Amino acid sequence: MLDLKILTNNLSSELFNYSLTHYINLSDTDYYRILEYRNHDLVRLSMIKTDLISLESHLSFRNKLLNQNLGYWAIKRENRIIGSISLTDYDNQELSIIGGNFLVPNLIGSGFGAVVNFL
């Protein structure tokens with residue numbers, strides 16, 4: 001079975017100057033910022049679940065990440081969040097995983113999504 005918890009360490013790419021910070025390693029300020037971006041109309045309406053996420057639910061989700069095999073990372077460049085990547089629903093028999101991502105609102109439509117998919 002793939003253990004996404006091995007990826008809870010922060011990752012960086014000196015080549016592109018991007019880093020991936022697992023949600024459990026984010027500061028409270030950055031974790032609240034993720035919620036703000038995720039609830040923004042431009043982001044939310046492109047997600048599978050389009051409902052607004054409450055702060056209580058968001059904080060509960062962070063605790064869930066400590067105990068479940070889920071991978072969620074904030075993408076940072078120059079220490080600023082520019083998006084998010086997730087890997088979930090790993091199926092050991094099918095050897096499949098579901099990936100998702102979003103960009104901060106001001107990068108939507110910029111073509112930067114191709115970089116996020118590469119990461």
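Two rings of Phe, Tyr or Trp are taken to form an aromatic pair if their centres lie within 6.5 Å. By this rule, four aromatic pairs are counted in the structure, which is a predicted model. A pair of aromatic rings is described by the distance of the centres and the angle of the planes. For Tyr-18 and Phe-112, the ring centres are 5.9 Å apart and the planes meet at 50°, so this pair is classed as tilted. The two partners come from distant parts of the chain, 94 residues apart: Tyr-18 belongs to strand E2, whereas Phe-112 is placed in the loop between strand E5 (96–103) and helix H4 (113–118). Both Tyr-18 and Phe-112 are buried. A further pair, that of Tyr-23 and Tyr-31, is edge-to-face, with 5.8 Å from centre to centre and 75° between the planes. Tyr-23 and Tyr-31 are likewise buried. These two tyrosines also take part in an aromatic cluster, which they form together with Phe-61 and Tyr-72. The ring of Tyr-31 has a charged neighbour as well, since Arg-62 lies over its face at 4.5 Å from the ring centre.

The overall architecture may be described next. The protein contains four helices and five strands, and from the N terminus on these elements follow the order β-β-α-α-α-β-β-β-α. Of the 119 residues in the protein, 34% are buried. Among contacts between residues at least 6 apart in sequence, 52% join residues at least 24 apart. The mean pLDDT of the protein is 84, and 85% of the residues score at least 70. Confidence is not uniform along the chain: the lowest mean, 59, is found in strand E1 (residues 11–13), and the highest, 97, in helix H1.

Helix H1 consists of 12 residues, for which a span of 16 Å is expected at 1.5 Å a residue; the end C-alpha atoms are 17 Å apart, which agrees with that expectation. The buried residues of H1 are Asp-30, Tyr-31, Ile-34, Leu-35, Tyr-37, Arg-38 and Asn-39. Tyr-31, already described as a partner of Tyr-23 in an edge-to-face pair, is thus one of the buried residues of this helix. The elements against which the buried residues of H1 pack are helix H2 (41–44), H3, E3, strand E4 (80–91) and E5. Asn-39, also in H1, has a relative accessible area of 17% and is therefore buried, the limit for this class being under 20%. When residues up to four places away in sequence are not counted, Asn-39 touches Arg-44, Asp-51, Leu-52 and Ile-53.

Helix H3, formed by residues 55–65, has three buried residues, namely His-58, Arg-62 and Leu-65. Viewed down the axis of H3, these buried residues fall within an arc of 60°, so they line one face of the helix. An α-helix has 3.6 residues a turn, so residues three or four places apart point the same way. The cover over the buried residues of H3 includes strand E2 (18–22), helix H1 (28–39) and strand E3 (71–77). Arg-62, one of the buried residues of H3, is also the residue that lies over the face of Tyr-31.

Strand E3 contains Trp-73, which has a relative accessibility of 3% and therefore counts as buried. Trp-73 and Leu-26 are separated by 47 residues in sequence, and their C-alpha atoms are 9.0 Å apart in space.

The loop between E3 and E4 shows a feature of the backbone in two residues. Most residues other than glycine have a negative phi. Glu-78, although it is not a glycine, has a positive phi of about 55°, and this residue lies in the loop between E3 and E4. Asn-79, which is placed in that loop too, has a positive phi near 65° and is likewise a residue other than glycine. With a relative accessible area of 61%, Glu-78 is exposed, and Asn-79, at 63% relative accessibility, also counts as exposed. Both values fall in the exposed class because its limit is over 50%.

Key. Residues numbered from 1 in each chain as written. Predicted model: local features only at pLDDT ≥ 70, side-chain atom pairs only at ≥ 80, totals over all residues. Heavy atoms only, no water. Buried < 20%, exposed > 50% of the residue type's maximum accessible area, 1.4 Å probe, protein only. Arc of directions from axis to C-beta. Contact = heavy atoms within 4.5 Å. Phe/Tyr/Trp six-rings, centres within 6.5 Å; stacked < 30°, edge-to-face > 60°. Lys NZ or Arg CZ within 6 Å of the ring centre and 35° of its normal. Expected span 1.5 Å × (residues − 1). pLDDT = per-residue confidence, 0-100.
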